[in-house]
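Me: I would like to go through this structure with you, one topic at a time. Could we begin with contacts between charges and rings?

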Amino acid sequence: MVSRKQFSLRYLWWVNTEMKKSNEIIRQFKEKVCSTVELQQEGINRYLVFTPFEFGDGDSLVIILKKEGDDWHLTDEGHTLMHLSYWIDEKYLFHGNYWKVIANTLKVFNLVEDDGEIILKIKDNNFGDALFSYIQALIRIVDLTLLKREKPGTSFQKDLRSCIARHVDPNHLFYDWHDPSKDPKELYIVDYRINGNIPPVLIFGLNNEIKALRAAITLHQFKLWGMKNFSIGVFEERSEINPKSADKFSDICDKTYSNFYSNEDEFVLYLEKVLPNEGYFMPSKI
């Protein structure tokens, strides 16, 4: 029979072990994702993971960290697809083009879907890398709601592309660029990259919340890789994007413009300033 003293010692040992475990996990989460990530323990080997990432309607992504047997997993416990079903009829969500996008995302990020639950097995105790990858996957899937609700008829991306093409030498301008060596799966896409014998200039066109979050994740990953660059973010209309999401991008981007159409001239002048005088920037023809 275990004495009260023995029970107390075992309990203290368990508490100390759990604290050390959670401290290491949260350290990795903050280092690889962002400093605002938090954990809340719900039981033995089960934690709620709080991140700043949200759906377009303000609801937070649901992420659970739990251990089953010898393996740790991240799961949304079915919340993401359930949330999508509020906007997309289930008969379309789980069939056809919508499901093709989801299935491809699951494959690219090595996830498993089990009766609506999206699961990622954590390998080699790399908790931070796993959470970073898991968040990206959920955001890609959440993109579906943005496609469903996006404003029709906007020409922002076309107008921004035209503006950049008029003023940057095509020999130094790359569209939808990714790093072929570090990112062969094309997970981190840059709308426009201007390169040469200078730190490359990266330009992102931001017309919705998910685009802003994905661009922020891309710049964060480049930072982790130690890649030198100068980034510019151009919003179609910053005030129409969730302020928290817009702030996340602005915090990691070097220069931003809140509205392309009211700041186009300033944007062009800034490009002329940051690019070399010869061979890169092309002044407007009079």
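Reply: A term is needed beforehand: a charge sits over a ring if NZ of Lys or CZ of Arg is within 6 Å of the ring centre and within 35 degrees of the ring normal. Please keep in mind that this is a predicted model.

Me: Understood. Where does the charged end of K255 sit?

Reply: Over the ring of Y270, with 5.2 Å to the ring centre.

Me: And R238, over the face of which residue does that one lie?

Reply: R238 lies over the face of F235, and its distance from the ring centre is 5.5 Å.

Me: Let us turn to ring pairs. How many aromatic pairs does a search of the whole structure find?

Reply: The search gives 15 aromatic pairs. One of them joins F235 and F249 in an edge-to-face arrangement, with 6.1 Å from centre to centre and 90° between the planes.

Me: Which elements hold F235 and F249?

Reply: F235 belongs to strand β10, residues 230-235, and F249 to helix α8, residues 243-252. The two residues are 14 apart, and their pair links distant parts of the chain.

Me: Are F235 and F249 buried or exposed?

Reply: Both F235 and F249 are buried. Another edge-to-face pair is formed by Y257 and Y270, whose centres are 6.4 Å apart and whose planes are at 70°.

Me: What does the pair of Y257 and Y270 tie together?

Reply: Y257 is in strand β11 (residues 255-257) and Y270 in helix α9 (residues 260-274), so their contact ties together parts that lie 13 residues apart in sequence. Y257 and Y270 are likewise buried. Y270 is also the residue whose ring has the charged end of K255 over it.

Me: Which residues do ring pairs link into a cluster?

Reply: The cluster consists of F132, W177, Y188, F222 and W225.

Me: New topic: pockets. What is the volume of the largest pocket?

Reply: The volume is about 630 Å³. The lining has 26 residues, and those closest to the centre of the pocket are F109, N110, D129, A130 and S133.

Me: Which elements give two or more residues to that lining?

Reply: They are β6 (117-121), α5 (127-149) and α7 (209-225). The most comes from α5, which gives five residues.

Me: How does the lining divide by residue character, into nonpolar, polar and charged?

Reply: There are 13 nonpolar, six polar and seven charged residues in the lining of the largest pocket.

Me: You named N110 there. What is its phi?

Reply: N110 has a positive phi of about 55°, although it is not a glycine. Most residues other than glycine have a negative phi.

Me: Where in the chain does N110 lie, and is it buried or exposed?

Reply: N110 is in the loop between α4 and β5 (112-114). Its relative accessible area is 51%, so N110 counts as exposed, the cut-off being over 50%.

Me: What about N45, where is its place?

Reply: N45 is in the loop between β1 (38-43) and β2 (46-50). N45 also has a positive phi, of about 60°, without being a glycine. With a relative accessible area of 18%, N45 is buried, since buried means under 20%.

Me: Back to the helix before N110. What span should α4 have, and how far apart are its end C-alpha atoms?

Reply: Helix α4 has 13 residues, 96-108, and at 1.5 Å a residue it should span 18 Å; the end C-alpha atoms are 18 Å apart, which agrees.

Me: Which residues of α4 are buried?

Reply: The buried residues of α4 are I102, T105, L106 and V108. An α-helix has 3.6 residues a turn, so residues three or four places apart point the same way.

Me: Last topic: loops further along. Is P170 buried or exposed?

Reply: P170 counts as exposed, at 60% relative accessibility, and lies in the loop between α6 (156-167) and β7 (173-177). Its C-alpha atom is separated by 9.1 Å from that of I194, 24 residues apart along the chain.

Me: And where does D179 lie?

Reply: D179 is in the loop between β7 and β8 (190-194). D179 is buried, with a relative accessible area of 10%.

Note on methods: Residues numbered from 1 in each chain as written. Predicted model: local features only at pLDDT ≥ 70, side-chain atom pairs only at ≥ 80, totals over all residues. Heavy atoms only, no water. Helix = DSSP H or I, 4+ residues; strand = E, 2+ residues; numbered from the N terminus. Expected span 1.5 Å × (residues − 1). Buried < 20%, exposed > 50% of the residue type's maximum accessible area, 1.4 Å probe, protein only. Phe/Tyr/Trp six-rings, centres within 6.5 Å; stacked < 30°, edge-to-face > 60°. 1 Å grid on protein atoms, 1.4 Å probe; cavity = no way out; pocket = protein on both sides within 12 Å on 5 of 7 lines; lining within 4 Å. Points joined across faces, edges and corners; volume = space filled by probe spheres on them. Nonpolar A, V, L, I, M, F, W, Y, C, P; charged D, E, K, R; others polar.
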